[in-house]
Amino acid sequence: LKSALEMALHGDLDFIDGMVIPYVCDATRAFSQAWEVNFPYLFNNCLWLPKKIEGDSPKKFLYQEFTRLKKQLETFTGQVIDTHDLSRSIALYNKNRRLLRELWAMRKDGSIALTYSDFSAMVRASMVMPKKQHSELLLELLEEVKKREKPSTQKDAIKVWLFGSLSEHASILEYLEHLGIMVEYDNLYNGTRSFLHDVDEMTDPMEGLVNWRLKQDPLSCFHYSQEQWKRSITTRIKTDDIRGVIYLAPRYCECMEFDYPFIAAALQELQVPVLYLETDMSTDMPEQMKTRVEAFAEILREKN
C-alpha cells in the first residue's frame with residue numbers, strides 16, 4: 001500500500017485510468033480513502049468484500065458489490081459489459097489458472113527442476129501481464145520442460161506450508177531452498193490462491209465469480225470459526241504430507257497476529273512444528289531471521 005501510493009504521488013503510475021481497491025482490512029480501506037483524496041479525477045472504486053463467508057447473505061452482498069462495480073465501469077468507459085464479455089474473460093483467466101496448476105503439479109511431483117522461488121515469480125508475473133500473453137508463454141515453457149524432463153533436485157526435500165497473505169520478496173524463498181526445504185503448499189494472494197480453483201463456466205458469470213470468491217480457503221481478515229480453520233488446516237497437512245509450517249506475518253498486520261494463537265494450537269495438536277516470521281517490505285533477509293530459519297530447518301530434519 002505504501003509503495004503504490006508513493007509511486008502514484010511521484011507520477012510513476014500516470015499511465016493508469018483508475019484503481020479498484022478491495023476492502024480486505026482497515027489498512028486497505030484507509031488506503032482507498034487516501035487514494036480518492038489525492039486522485040479525485042481517476043476512476044476509484046472501493047470493492048467491499050463480505051467479512052462473513054458462510055450463508056446466503058455474503059453471496060447476496062458480494063453479488064450486489066460486483067454488480068455495482070460493473071455499472072460504474074460501464075459508466076466510466078461508456079461501454080456495456082455483457083454476459084458474453086464476462087464469460088470470455090472468465091475462460092481466459094481459467095485457462096491461465098489451469099496452466100499454472102499443471103506446472104505446479106509437475107514441480108511438486110519432482111518431474112521438473114523448478115524451484116518454488118522461480119515458480120512464484122511466474123505467478124506474480126501473471127498478475128501484471130495480459131493473461132493471454134502470459135498463457136502463451138506458459139504453454140511454451142510447458143512444452144520445453146516436458147521435452148527435457150529434468151528431475152528436480154528437491155524431490156527429497158522437507159515439505160513445508162508457507163502460511164500467510166503475501167510473500168514480499170524472494171530472499172526467504174531462496175534461503176529455504178538453500179537449506180533443503182521445499183514449499184509444498186502456500187495460501188498466499190500472490191501464490192496458489194490465485195490459481196488453485198477455476199470459476200464455474202457453466203453458470204451465470206456473476207454468480208460464478210461470487211461462488212469462486214467465497215469457496216477459497218480460510219484467510220486472515222475474514223470471519224471463520226476456529227473449527228473451520230482447524231478443518232482446513234488438518235485437511236491440507238494430511239493431503240500434502242506437510243512436515244512444518246512457516247507463518248509469514250506482515251509487520252503491523254493485526255489480523256494475522258490475532259489468528260496465530262489458535263492456528264498454532266491446531267498445528268500443535270497435529271504435532272506439526274510452526275515458525276512465526278514477522279516480515280516487512282525490505283528486500284534483504286536479516287541475519288536474525290536466517291538464524292531462526294536455520295534452527296527451524298534443523299528441527300524439521302531431526303523430526304523427519
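In this predicted model, an open sheet is built from four strands in the order β4-β3-β5-β6, with parallel pairing. The edge positions belong to β4 (181-186) and β6. Each has a single partner strand, so one side of each is left without a neighbour in the sheet. Neighbouring strands are turned against each other by 30° on average, direction ignored. Within the sheet, β3 (residues 158-164) and β5 (residues 244-250) are joined by five bridges in the parallel sense. One residue pair in this register is F163 with its bridge partner Y247 in β5. Helix α9 packs on the sheet and touches β3, β4 and β5. The direction of α9 makes about 155° with that of β3.

A second parallel pairing involves β1 and β2. Strand β1 (residues 18-23) is connected to β2 by six bridges. Here I21 stands opposite C46 in β2. Between the two strands, the chain passes through helix α2 (residues 26-38), and the resulting β-α-β crossover is right-handed. Strand β2 (residues 43-48) is largely enclosed by the rest of the structure, because five of its six residues are buried.

Nonpolar packing was examined next. In soluble globular proteins, nonpolar side chains tend to be buried together. The largest nonpolar core of the model comprises 36 residues. Those with the most contacts inside this core are L103, F119, L162, L176, I246 and V293. With neighbours within four places in sequence left aside, L176 is in contact with L162, I181, V183, I246 and V293. Another core lies apart from the largest one and holds 34 residues. Its members include F66, C221, I263 and L267.

Cysteine C221 also figures in the disulfide search, which covered the whole structure and found zero disulfides. C25 is in no disulfide, and its nearest cysteine sulfur, that of C221, is 4.8 Å away. C25 is buried, with a relative accessible area of 17%. C221 is likewise in no disulfide. The nearest cysteine sulfur to that of C221 belongs to C255, at 3.6 Å. A disulfide requires the two sulfur atoms to be within 2.5 Å, so a separation of 3.6 Å does not qualify.

Backbone geometry was considered last. Most residues other than glycine have a negative phi. C221 departs from this pattern, with a positive phi near 90°. The residue sits in the loop between α8 (205-214) and α9 (226-240). C221 counts as buried, because its relative accessibility of 17% is under 20%. Q271 also has a positive phi, of about 60°, although it is not a glycine. Its place is the loop between α10 (254-269) and β6 (274-279). Q271 is exposed, with a relative accessible area of 61%. The two loop residues thus fall into opposite classes: C221 is buried, whereas Q271 is exposed.

Note on methods
Residues are numbered from 1 along each chain as its sequence is written. This is a predicted model: local features need pLDDT of at least 70, side-chain atom pairs count only at pLDDT 80 or more; totals for chains, interfaces and linings use all residues. Side-chain values use heavy atoms; hydrogens and water are left out. Buried means under 20% relative accessible area, exposed over 50%, partly exposed in between (1.4 Å probe, protein chains only). Two strands pair if DSSP finds at least two bridges between them. Axes are lines fitted to C-alpha atoms, for helices over the stretch in contact, and angles run from 0 to 180 degrees between N-to-C directions. Contact means heavy atoms within 4.5 Å. A nonpolar core is a set of buried Ala, Val, Leu, Ile, Met, Phe, Trp, Tyr and Cys residues joined through side-chain atoms within 4.5 Å. A crossover is right-handed if, with the strands pointing away from the viewer, the path from the first strand over the helix to the second runs clockwise.
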